[in-house]
Amino acid sequence: MTLRDYAIRYGFIVLLLGLVAYFAIAADGFVSPQSAVFIFQSVAITGVLALGVTATLVVGGFDLSIGSVATSAMMAAAYVMVVLEQNALVAVIACLLIGALVGLINGWLIVYMRVPDLLATLGMMFLLVGLQRIPTEGRSIATGMTMPDGSVANGKFSDAFLALGRHRFDFFIPNLIPVSVVVLLVLALLIWFFLEYTRFGRMMYAVGSNERAAELAGAPVKAYKIWAYVISGVFASIGGILLAARLGRGDIASGNNLLLDAVAAALIGYAVLGGAKPNAFGTAVGALFVGILLQGLTMMNAPYYTQDFVKGVVLVVALVFTFALSGRGRR
Amino acid sequence: MVGNAVFRVEGLRKSFGRNEVLGGISLELHSGEVTVLMGANGAGKSTLVKIVSGVYERGGGTMTLAGQDFAPNTPAEAIRAGVVTVHQNINDGVVADLDVATNLTLDRLSGRGVPTLFNPARVRREAKAVADRMGLAIDLKARVSDLSLADRQMVAIARALAHQPKVLILDEPTSSLSSVEADRLFALVDRLREQGVAILYISHRMSDIRRLADRIVSMRDGVVSGAFDAKPLDYEGAVNAMLGRKVHLDRIVVRSSAKAVLTVDGLRIAQGARPISLTLGDGEIVAVTGLVGVGKTALAETLFGVRRPLAGAMTMNGKPYAPRSAGDAIAAGVFLVAKDRATSGIVGGFNIERNVSLPFLRRMSSLSVLKRRLERATARRQIEELGIVCRSEKDEMSALSGGNQQKVMVARWMAQSAALFILDEPFQGVDISARRDIAAKLRASANGRATLVFVTELDEALETADRILVMSEHTIVGEHRNADIDLDRLLAEVAGGPLHSAA
């Protein structure tokens, strides 16, 4: 490998390590278990969504509906527990079903109705943003709220459900690692293994790179594409569950940034290890990169309103890295 | 009949890297004549057209138009000078979302001295003038996307003719037209011929050529291999010159087979085509030859399950065989090396190893987890078997030459043993040594399966096959044992000549 190859392959990782080193020196208290956990926690939900959208990027698609799937799942969880007075398990299952169903519909629209992926999932995004407001006539869901028919909703978030957002596992230090971080790490490992080491993942990459060749190699291309959207939908709904558990209510105004942050993480992931292609490891690193940068800047007293700007800069740099430097742009 | 040569090409050369595509082409076009250019894929026709129309720069030689030196740097320059090309892909010549009138005057929308504002009335006026001159009877307000393919092509040609060219190049204009639609095109070509336009007509279709040609020029391997202008035109000679009939040096030992692997009975692959029946035997290599567009790929895809036959039945090793997908076919042991590896074979994001393992991932995994060691061992074995020139099995496909890329495609499907091995144009864009390697490999490994090779070039069939079938008009019109072939009869069948019509 030439120097240039090394730069493309490891440049982004080096940049990440450099960033950590810089903050370690410049920001007091950046190097501590609590700080590290905080970073992970801050990117957990975005990261889960980003891992899901990676699956659709792998088959050459895109899913813009993930943010609204997550917020719909959050509202559904709140509705199931607060209004229908069901337990945590029912709420979780309802959320996962919603995610899978939306994924199926997305896949069907794209594969069988031939709607371009961006447009189909954009439509689905709008549909869900509207749909999640209908059952409560646009109100947020919390215990004691008044329903449209005048009754009062008496259910409440079950403790088991809230634990998903608040419980912390011991890890050398008592009460260190939140459930959401564990979920992120487990899902990251799962999807990474799935994409890199199973024949399904391999075929999904083939579909994304040359659909006709994959079909002539005997792959059921349509099924693979639909499955990718189902994965994306289910991951997004898991993100929604974590969001609901963290907030403890069905907040109509939350989750605005989820889509953009998740997509940014997945696209930054293209640049990691010079793959110039969607990959689970890159996505996880991409999400962390953003988290570390924001945490570091916050600790150095950068105002909160600069955050989006910083994310944007990172994304643009990463994209230039991917498409110009490695010269292997695919999309 | 013989007019002045209005357009003259002499000693035209072009190379891409070390690969010489045109090796000194000389050609004359006369006013009021249709010169048909024939040539198999890779003969260099499209390169020639692209040089003449100003897309490529020529590597050497001269071109003159009406006595003046002709050296276009851009397509626009060529058009302005009076050399207009209508490309094969109809939709490249029109803008689907605009109406006919705008399409006809599209080339006047940009350039120097064009008013900034778009004046619909003026556009319609100019478009009407263009349409009238050509006798074009299409609603000028219709959107091009609502027109039939034939009408779109008329618009594309009319648009080209709005420049009042001296030379018109039509690149396989009938390849996607029905015969009625083609008749309209021929009438138009006749009209242009009378108006004194010099026409270069590129086609494989013998019926077109018989109908239109005043002269025929055959191309092969980047040189003119035959020019025919004596009446009556020698069509079979032209086909022969195009396909070539070099004495093949390494004459093969022809085998015949006793045990049938695949039996095809009454298979119809196109509307109005006569049914196909054939038997393929164990250990034999059968080549199917015929001109472009006679249904070779359709037959290959039908056998491979990606296209449904209209009628007929197939039997594989005694059992009924009716694949509904490529997956079905592969499970039954039918493998296809598809035509045009860049679009239907190579997965660009994968290295050699992963391209080789692609169809057999299920067999190379346990509990769906890939056995990477087995994958690598298979790739290494196949690289060795086919003599693929590469640094390692991790090389990207884009780093390989065309011949080696094709070897990877063949290696992919030879990694497991097939019952029926189909190769569709396996020698396209493959250098001579790789072609020899692949053919030798096919012959050496032929036992235990039936092998079916679809090729346009006769040489390739003669070099590889035990038996040669000839296709024309979506059916099989002739069969030859590759031992003492009656080449005249074979060529007549390929050309779809009287022998076939009488049959």
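Visitor: What makes β21 (residues 467–472) and β22 of chain B a strand pair?

Guide: In this predicted model, 6 bridges join β21(B) to β22(B). Pairing asks for at least two bridges found by DSSP, so the two strands qualify. They run antiparallel, and Leu469(B) has Glu479(B) in β22(B) as its bridge partner.

Visitor: Why is the sheet around them called open and mixed, and which are its edge strands?

Guide: The sheet has 6 strands, in the order β16-β19-β20-β13-β21-β22 of chain B, and their pairing is mixed. At the edges are β16 (334–337) and β22 (475–481) of chain B, as each of them pairs on one side only. From one strand to the next, the twist averages 20°.

Visitor: What packs on this sheet?

Guide: Helix α9 of chain B, residues 296–303, does. This helix touches β13 (285–289), β16, β19 (420–424), β20 (450–455) and β21 of chain B. The direction of α9(B) makes about 150° with that of β19(B). Angles here run from 0 to 180 degrees between N-to-C directions, so α9(B) and β19(B) point largely opposite ways.

Visitor: Now to chain A. What makes β1(A) and β2(A) a hairpin?

Guide: Strands β1 (residues 168–171) and β2 (residues 173–178) of chain A pair in the antiparallel sense over 3 bridges. The minimum for pairing is two bridges, so this pair passes as well. Between the two strands there is 1 residue, and Phe172(A) in the turn has a positive phi of about 65°. For the partners, Arg168(A) is bridged to Pro178(A) and Phe169(A) to Ile177(A).

Visitor: How do you know which residues of domain 1 and domain 2 of chain B are in contact?

Guide: Domain 1 of chain B covers 5–243 and domain 2 covers 267–502. Their centres, taken over C-alpha atoms, are separated by 34 Å. A contact, though, is judged residue by residue, with C-beta atoms within 7 Å. By that test, 12 residues of domain 1 of chain B are in contact with 14 residues of domain 2 of chain B. On the domain 1 side, helix α8 of chain B (residues 235–243) gives the most, with 5 residues. By class, that side has 5 nonpolar, 5 polar and 2 charged residues.

Visitor: Why is the largest nonpolar core said to lie between those domains?

Guide: Both domain 1 (5–243) and domain 2 (267–502) of chain B give residues to this core, so it lies between them. The core has 258 residues, and those with the most contacts inside it are Leu49(A), Ala77(A), Ala206(A) and Ile422(B). Helix α10 of chain A, residues 221–247, gives the most to the core, with 16 residues. Leaving aside neighbours within four places in sequence, Ala77(A) is in contact with Ala91(A), Cys95(A), Ile241(A) and Ala244(A).

Visitor: How many residues does each chain bring to the contact between chains A and B, and what makes up the chain B side?

Guide: Chain B brings 22 residues and chain A brings 19. On the chain B side, α10 (326–331), α11 (341–344) and β18 (369–370) each supply at least two residues. The largest share, 3 residues, comes from α10(B). The classes on this side are 13 nonpolar, 8 polar and 1 charged.

Methods:
Residues are numbered from 1 along each chain as its sequence is written. Chains are lettered from A and ligands numbered from 1 in the order in which they are written. This is a predicted model: local features need pLDDT of at least 70, side-chain atom pairs count only at pLDDT 80 or more; totals for chains, interfaces and linings use all residues. Two residues are in contact if their C-beta atoms, placed from the backbone, lie within 7 Å. Helices (H or I, at least four residues) and strands (E, at least two) are DSSP runs, numbered from the N terminus. Ala, Val, Leu, Ile, Met, Phe, Trp, Tyr, Cys and Pro count as nonpolar, Asp, Glu, Lys and Arg as charged, and the others, Gly among them, as polar. Domain bounds come from an automatic or database domain assignment. A nonpolar core is a set of buried Ala, Val, Leu, Ile, Met, Phe, Trp, Tyr and Cys residues joined through C-beta atoms within 7 Å. A residue is buried if 20 or more other C-beta atoms lie within 10 Å of its own, exposed if 12 or fewer, and partly exposed in between; C-beta atoms are placed from the backbone.
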